[in-house]
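Grab a coffee and work through these exercises with the structure open beside you. Each one has a task, then a solution in steps.

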Amino acid sequence: MGAGPSTSIFEKEDSITGLNFVAWFFAQTQKDPNFYPLERSTITFFNVMNFKTINQRFSYQGGNEYLCRFRDELQKLFEGEKVLRAGADHLVVISLNLSVEEIALRIKLLNKAMTSYEKGLRNQIKAGIYIADGTPQQPIVMMDRASLACREVHGIFNREYAVFDEELNKKHEQKQYVLEHFDEAFEKGFFKVYYQPIYRTLNKKVCGYEALARWIDPNRGMISPLIFIEVLEKVHLIHKLDAYIIDQVCKNLRDDIDGGYAYQPISVNLSRLDFELSDIKKVVDNAVAKYNVPKEYIVLEVTESAFASDQESLGDIIHCFREDGYQVWIDDFGSGYSSFNNLQTYDFDFLKIDMNFLRNFDKTPKSKVIIASIVDLAKKLGIHTLAEGVETEDQYEYLKSIGCELIQGYYFAKPMPIEDFYNKRAELCSFETNETPAERRYYDD
């Protein structure tokens, strides 16, 4: 946060920006009910993404200058409202006269102004909005809810703000539940592996599966992976879950081989933290050796966001995986800033096109052009392609027409627990509906 304030946040004024501190402001509202009508206000909490890069590039003095420019823009855009500092790189606006739409417009203008600032780099400013409902509440609770809404869009480059609502509150409660019950879920086997088939576009045969972690809780039912994966990554426990999924995948694959059923390559998702918190290569090698399964049937999906950490060793580990006979795919291609740089820096067997392109398929003609360009580029680079999130016949036909090789999505099949495959093995695991190794080699060539 620049050189850091020389005063306590419980004092009135920040020495860097000259703004009142939020803590001081809230203390005044508690002392004097007429100081400010918080119960009728809207709190907008701002957070600068990757603020450390500004300090590193321009020194702490440059960081302080950035904060002052940030303050100036807020005071200009929110003239007549309260602009406060909450510490670090967080500024807060408390307003009485603005709607969410009006605040959203100002957030967009703020980002435009700060990006053009010489010390703005490519930093994006995120915001969380909390609207008071007219009933007296503890100021710290209101602030926490605005901050929580801000964290909701952290890392999502195409969203600048979020509004705290009942859905977000429920999601927060679920995250707390995950944090408090993870060990129990792991010990009692609440985590299950679901498998979603992957199909060859040209023949509509199953040619692979993606293994997906699911938490089936006896009290809450299925807990969304969007909830528990985020929490486990935050508390650095995701590698423990991923190691379990890898072990189960190898076990299930061995069962299919021993049972004489058709079996296909299975992909498992790796988190960025798997590379930091564990020897992920050793984890995979041990599971493969334990169940004696062919390495070429284990696929490692590395999400594109993993490459944002700039780990020098990541490329070496990917190279080792591929040299040993594993396939490595890049997941969610097109979801980040450095998609094409990743293709230049690392080697992959497949790229999975981010499903958001298909979500806008009907409404945004540009999506078709982008998908076709990605497929064409991948072919020129010798990389296979898979589109995830396929839900309609039109999407399937288009992907087939442009040469996208594999598809995955609800149009063909939803993720299923292993028990469903056991119950329907005659249908789902037959050689009539599954691609043979010879067919796979033919189509890959």
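One definition before we start: a residue is buried under 20% relative accessible area, exposed over 50%, and partly exposed in between. Also keep in mind that this is a predicted model.

**Exercise 1. Is N158 buried or exposed, and where does N158 lie?**

Step 1: Find N158 in the loop between α4 (139-152) and β5 (161-163).
Step 2: Check the cover. N158 has a relative accessible area of 58%, so it counts as exposed.
Step 3: Try a distance. E39 is 119 residues away along the chain, and the C-alpha atoms of N158 and E39 are separated by 31 Å.

**Exercise 2. Do the same for F45: is it buried or exposed?**

Step 1: Go to strand β1 (residues 42-48), which holds F45.
Step 2: The relative accessibility of F45 is 7%, so F45 is buried.
Step 3: Now look across to I129. It sits 84 residues from F45 in sequence, but their C-alpha atoms are 6.5 Å apart.

**Exercise 3. Work out which strands pair with β9.**

Step 1: Strand β9 covers residues 266-270, and four of its five residues are buried.
Step 2: On to the partners. Strand β7 (residues 206-217) pairs with β9 in the parallel sense over two bridges, while five bridges join β9 to strand β10 (residues 298-303), also parallel.
Step 3: Pick out I266. Its bridge partners include Y209 and, in β10, I298.

**Exercise 4. Which side chains meet K281 in salt bridges?**

Step 1: Start with D285, whose side chain meets that of K281 at 2.7 Å, N to O. Both sit in helix α9 (residues 280-291), and because they are four residues apart, about one helical turn separates them.
Step 2: Next comes D324, at 2.4 Å from K281, N to O. This pair links distant parts of the chain, 43 residues apart: D324 is in the loop between α10 (312-323) and β11 (327-333), K281 in helix α9.
Step 3: Compare the cover. K281 is buried at 13%, D285 is partly exposed at 22%, and D324 is partly exposed at 35%.

**Exercise 5. What does the salt bridge between R85 and D14 tie together?**

Step 1: The whole structure has 22 salt bridges, and one of them joins the side chains of R85 and D14 (2.9 Å, N to O).
Step 2: R85 lies in strand β2 (residues 82-87) and D14 in the segment before α1 (22-31), so the pair ties together parts 71 residues apart in sequence.
Step 3: Both R85 and D14 are buried.

Notes
Residues are numbered from 1 along each chain as its sequence is written. This is a predicted model: local features need pLDDT of at least 70, side-chain atom pairs count only at pLDDT 80 or more; totals for chains, interfaces and linings use all residues. Side-chain values use heavy atoms; hydrogens and water are left out. Buried means under 20% relative accessible area, exposed over 50%, partly exposed in between (1.4 Å probe, protein chains only). Two strands pair if DSSP finds at least two bridges between them. A salt bridge is a side-chain nitrogen of Lys or Arg within 4 Å of a carboxyl oxygen of Asp or Glu.
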